[in-house]
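Biologist: Got a minute to go through this one with me? I'd like to ask about cysteines, charges and rings.

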Amino acid sequence: MNYYIDPVKCKGCTLCARNCPVNAISGTVKNPHEIDIAKCIRCGQCMDHCKFGAIEKR
């Protein structure tokens with residue numbers, strides 16, 4: 001299982017990136033973010049903090 005950010009739903013608010021304990025999320029303000037699955041520890045913090053429902057498990 002991996003986490004994925006839907007670029008259509010992501011508003012680039014940076015809330016997910018700011019809450020990731022291992023800095024696995026990159027992107028700039030107002031642009032869709034991406035998760036580096038090699039760094040991701042699958043803790044779910046990004047999904048818990050996303051206000052737009054842009055983060056999914058796959």
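Modeller: Sure, let's take those topics in turn, keeping in mind that this is a predicted model.

Biologist: Cysteines to begin with. How many disulfides does the count come to?

Modeller: The count comes to zero disulfides. Cys10 is in none, and its nearest cysteine sulfur belongs to Cys16, 5.9 Å away. A pair would have to have its sulfurs within 2.5 Å to count, so Cys10 and Cys16 don't qualify.

Biologist: And is Cys10 buried or exposed?

Modeller: Cys10 is buried, at a relative accessible area of 13%.

Biologist: What about Cys46, which cysteine sulfur is nearest there?

Modeller: That's the sulfur of Cys40, 6.1 Å away, and Cys46 is in no disulfide either. Cys46 is buried too, with a relative accessible area of 7%.

Biologist: Switching to charges. Where does Asp6 sit?

Modeller: Asp6 is in the loop that runs between strand E1 (3-5) and helix H1 (15-19).

Biologist: Which side chain of opposite charge is nearest to Asp6?

Modeller: Lys9, at 4.6 Å. A salt bridge needs the charged atoms within 4 Å, so Asp6 goes without one, even though Asp6 is buried.

Biologist: So what does Asp6 touch, leaving out residues up to four places away in sequence?

Modeller: Ala54 and Glu56.

Biologist: Last topic, rings. How many aromatic pairs are there?

Modeller: Zero by the rule used here.

Biologist: Then what lies over the face of Tyr4?

Modeller: Arg58 does, at 3.7 Å from the ring centre.

Terms used
Residues are numbered from 1 along each chain as its sequence is written. This is a predicted model: local features need pLDDT of at least 70, side-chain atom pairs count only at pLDDT 80 or more; totals for chains, interfaces and linings use all residues. Side-chain values use heavy atoms; hydrogens and water are left out. Helices (H or I, at least four residues) and strands (E, at least two) are DSSP runs, numbered from the N terminus. Buried means under 20% relative accessible area, exposed over 50%, partly exposed in between (1.4 Å probe, protein chains only). Lys and Arg count as positive and Asp and Glu as negative; His and the chain ends are not counted. Contact means heavy atoms within 4.5 Å. Rings of Phe, Tyr and Trp (its six-membered ring) pair if their centres lie within 6.5 Å; planes under 30 degrees apart count as stacked, over 60 as edge-to-face and the rest as tilted. A charge sits over a ring if NZ of Lys or CZ of Arg is within 6 Å of the ring centre and within 35 degrees of the ring normal.
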